[in-house]
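Hi everyone, thanks for coming. Let's look at how the chains in this one are arranged and what lies between them.

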Amino acid sequence: MPKLAELAETIGAELVGDPNTDVSRAQTFETASEGDVTLATKAAFIDRVDQSRASAILVSAPIENCSRNLLIAKNPKLAFARAIQTLHAIRYEALGVCADLIAGEGTTLGKDLSVHSRVTIGREVVIGDRVTLHPGVVIGDRCKVGSDTVIHSNVSIYHDCKIGSRVIIHAGTVIGADGFSFVPDEEGHQVKLLHLGGVRIEDDCEIGANCAIDRGGFGDTVLRRGVKLDNLIQVGHNCDLGEDTVVAALTGFSGGTRAGRRCVIAGQVGTNQHVTIGDRVTIIGQAGVTKDVPDGSVIAGMGQSYNSWRRSQVLYSNLPELVARLRQLERIARVSAQTSAEESKKSTGND
Amino acid sequence: MPKLAELAETIGAELVGDPNTDVSRAQTFETASEGDVTLATKAAFIDRVDQSRASAILVSAPIENCSRNLLIAKNPKLAFARAIQTLHAIRYEALGVCADLIAGEGTTLGKDLSVHSRVTIGREVVIGDRVTLHPGVVIGDRCKVGSDTVIHSNVSIYHDCKIGSRVIIHAGTVIGADGFSFVPDEEGHQVKLLHLGGVRIEDDCEIGANCAIDRGGFGDTVLRRGVKLDNLIQVGHNCDLGEDTVVAALTGFSGGTRAGRRCVIAGQVGTNQHVTIGDRVTIIGQAGVTKDVPDGSVIAGMGQSYNSWRRSQVLYSNLPELVARLRQLERIARVSAQTSAEESKKSTGND
Amino acid sequence: MPKLAELAETIGAELVGDPNTDVSRAQTFETASEGDVTLATKAAFIDRVDQSRASAILVSAPIENCSRNLLIAKNPKLAFARAIQTLHAIRYEALGVCADLIAGEGTTLGKDLSVHSRVTIGREVVIGDRVTLHPGVVIGDRCKVGSDTVIHSNVSIYHDCKIGSRVIIHAGTVIGADGFSFVPDEEGHQVKLLHLGGVRIEDDCEIGANCAIDRGGFGDTVLRRGVKLDNLIQVGHNCDLGEDTVVAALTGFSGGTRAGRRCVIAGQVGTNQHVTIGDRVTIIGQAGVTKDVPDGSVIAGMGQSYNSWRRSQVLYSNLPELVARLRQLERIARVSAQTSAEESKKSTGND
């Protein structure tokens with residue numbers, strides 16, 4: 001159990017309070033009690049800091065006359081993420097290799113592994129050190145798995161895929177299935193384009209549950225260092241997702257999509273084939289990316305800029321009102337046309 | 001094989017016809033023949049009741065001079081669902097526990113189980129009575145599985161998840177993977193928020209194939225009694241779905257979404273983080289729930305009311321026509337401005 | 001290693017160049033070097049054909065004064081697909097049946113199989129010849145699997161499903177889970193409609209990773225000959241997808257959807273229950289199919305024709321401008337009404 005002073009140092013926060021306080025857990029603001037560190041970023045929580053029973057509260061700025069221990073950090077949410085890791089991360093312990101492991105010829109295993117029961121590995125696979133493989137994992141021939149990587153239950157990895165170090169792959173995900181490319185022949189039957197490439201997942205990536213990351217046609221499908229995917233995401237053949245890009249659930253990248261670094265892509269987004277998304281792009285949920293997107297853009301709807309889409313979307317909701325206004329103008333125009341006609345008739349009659 | 005009188009009583013329908021008729025199957029209106037009970041709710045079928053070869057026909061009201069056995073029920077579809085269960089449900093028979101079961105220390109098994117081959121269970125797990133576990137199921141440490149629950153092939157359940165009684169989980173589904181929460185650090189690298197909560201699935205839930213239900217950050221992700229999920233559904237960390245709510249395929253609930261009781265949520269719907277959906281809400285397919293939704297609402301598009309969305313959607317299809325009308329008005333305005341200018345010029349000239 | 005003349009004949013292309021050239025690989029235009037056949041369909045590549053180091057280049061028309069070996073084909077992409085198959089397809093080799101196969105009573109196995117470790121098959125299943133079953137595959141009672149079919153890791157097939165010949169099913173896919181049909185009872189609890197039908201997947205289908213294809217209520221869910229599904233696709237109970245139809249990732253077909261032959265359905269499309277889609281229909285990504293679609297249509301948005309949707313979508317982006325124009329007209333109308341009022345007042349005053 002660390003003292004508050006140590007925790008403050010570890011997470012990069014400034015302590016205003018008692019350095020000798022014991023802290024053992026991270027908790028939400030509403031559930032925190034003695035021994036807990038918590039987070040107050042919303043105004044509603046900051047107003048109630050004095051009533052909190054937490055032993056320390058992470059905030060972004062000092063609070064005058066505060067009775068509680070405060071941890072002040074420029075980015076309190078980041079400091080809180082680090083506090084949770086400090087207090088709750090379970091230190092890795094090697095469980096060994098279950099005796100029922102099936103591994104093909106030429107496969108080499110690193111040291112200090114945790115290979116659970118019912119794991120199946122093909123030929124000439126290289127497994128790094130301290131790798132955890134959960135039950136039902138299947139790894140194909142000639143794959144590589146880097147050190148400290150965790151692969152959860154029932155993940156299927158096809159042949160010739162490279163997984164980096166410190167990668168986490170959640171249960172049920174499939175890596176390296178064939179890309180979806182067919183050409184109709186003279187009779188309309190679909191002829192399969194064989195996929196000769198593989199998949200390369202670089203260090204520090206995390207991939208959610210039940211995703212599907214296809215192998216490349218020629219060359220690899222690539223997830224660069226630090227990419228984080230949520231659940232149920234489709235990554236088509238030869239996609240290339242840039243460093244530290246995060247993607248929410250049920251998004252689908254068509255074959256050949258390229259995304260830059262540090263993008264934030266929300267859920268249920270779809271991309272057209274071969275589009276290129278720049279660096280630091282934000283894509284709003286359910287958007288369709290129909291064409292290339294420059295660095296730093298915010299995109300929504302069918303490839304619109306977010307601001308333009310917001311305006312369109314508000315007006316879309318107001319379309320019935322707009323049509324009523326249009327109809328009113330048409331009525332005015334009709335009346336005025338009639339009046340003119342009558343006046344012109346009158347003046348003609350007057351002649 | 002029950003007699004028609006017994007079936008009528010079991011399903012809560014009133015019989016008009018021969019109580020001693022044998023019925024052995026439920027069938028669709030078009031395929032039903034002797035020995036079958038069927039359903040006629042559409043007008044087209046009701047008109048043809050006399051031509052049906054079924055031994056009994058479920059309808060919502062008596063039909064005069066009808067030559068067939070009728071089962072009259074206020075809700076014939078519900079009565080038909082019960083008839084199918086009565087005639088076709090397979091009575092549970094315990095198959096025993098396959099000798100290859102791997103179960104960790106401290107795990108306890110109920111009685112009359114059906115544990116198929118290649119099931120892997122962690123430590124300190126509690127399995128109730130008459131539970132069915134299909135091949136490839138993996139259950140993590142400290143989980144609980146209630147009585148009469150069926151878990152299909154290759155389902156992965158992480159540690160510390162609670163599954164109620166009479167729950168059905170279809171194949172490939174993943175329960176308890178980490179929620180998707182990251183905070184970028186000073187260098188733009190994503191720092192993982194560890195997830196300390198679990199998942200709680202209450203009694204009588206059914207979860208489709210290849211779903212992903214993430215564990216909570218602090219506290220549990222909850223599916224309350226009787227929730228029914230279709231296939232390929234994403235339930236983010238700390239979601240809370242209310243009793244008897246049904247959700248169609250490919251819908252994604254972002255972290256912290258709350259839904260009330262008896263909601264009907266269609267396919268490919270997405271929700272923003274932390275939105276609250278009331279009771280008895282209906283959400284149309286592909287809608288985006290961007291803000292809180294009051295009880296009893298019907299929602300479509302980007303969080304609009306269904307009626308407003310329908311009008312907007314019709315006008316959206318008519319936008320080219322609306323623009324033509326706008327252009328016509330602009331032409332009139334231009335002409336009339338010209339006329340005024342000429343007249344004013346004329347009158348000025350006349351001066 | 002075939003000579004170029006043989007390859008030309010196999011893939012149905014006309015050779016202009018040296019028939020004795022050796023070719024061993026297919027490669028992209030940008031990576032091809034000696035010994036490779038490649039494809040030049042884009043103008044940019046055709047302009048650079050002379051600079052290519054490839055041993056043969058597939059094009060759609062002769063190029064004058066070209067220094068390279070050309071393979072001329074009416075459909076060069078199709079010819080290239082065939083060239084990849086000719087040069088890279090791995091000839092099937094039977095690996096035998098792993099000793100740990102678990103198969104129920106009455107199950108029969110064809111000859112020359114490749115059954116990997118940890119496969120589980122139920123009772124009375126019929127497996128054809130030269131079938132490949134990867135680790136973790138589970139096949140339920142009374143299923144049939146045709147010859148030359150490949151089922152990848154951790155696929156789950158429920159009882160009573162029929163899989164044709166030369167079918168490929170990618171990892172993690174679930175076939176035959178219950179359809180999603182419930183009827184609320186008097187207290188709002190959902191009563192399950194039991195599903196008595198199965199699934200029938202005809203010859204030459206390919207199904208992507210982590211799909212879910214539900215069994216029928218009465219009668220089967222059907223994928224007809226040559227249907228190709230991408231990853232993460234939902235096929236509801238009693239759907240019927242026509243021959244040679246291709247479907248991209250994350251699309252969901254509601255129960256009872258019928259699609260015709262040779263349709264091209266993009267990603268994240270959703271259909272309403274019981275809609276019928278004609279033959280040769282194209283559906284654009286993220287569209288919603290809300291009603292029946294005639295043969296040969298191109299559909300986008302909420303069931304609009306593609307052309308109409310394109311126009312609406314452009315105008316939708318321009319809605320702010322349209323509203324500005326409307327406002328301008330209203331201003332004119334206001335001014336002119338005022339002018340008339342003043343004039344009429346003036347003339348009245350003049351009286």
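A turn of 120 degrees and a shift of 0.0 Å along the axis lay chain B on chain A with an RMSD of 0.1 Å, by least squares on the C-alpha atoms of residues with pLDDT of at least 70 in both. The two copies are thus related as by a three-fold rotation axis.

A quick note: this is a predicted model, where local features need pLDDT of at least 70, side-chain atom pairs count only at pLDDT 80 or more, and totals for chains, interfaces and linings use all residues. Residues are numbered from 1 along each chain as its sequence is written, chains are lettered from A in the order in which they are written, and side-chain values use heavy atoms, without hydrogens and water.

Now, chains A and B. In contact (heavy atoms within 4.5 Å) are 63 residues of chain B and 55 residues of chain A. The buried area, meaning accessible area (1.4 Å probe) lost by the two parts on being put together, summed over both, is about 4600 Å², with 62% from carbon and sulfur atoms. On the chain B side, B:Phe180, B:Phe218 and B:Met302 lose the most area to chain A, together 15% of what that side buries.

How many salt bridges (Lys or Arg side-chain nitrogen within 4 Å of an Asp or Glu carboxyl oxygen) are there between chain B and chain A? The count is four, and A:Glu330 and B:Arg325 meet in a salt bridge at 2.8 Å, N to O.

Thanks, happy to chat!
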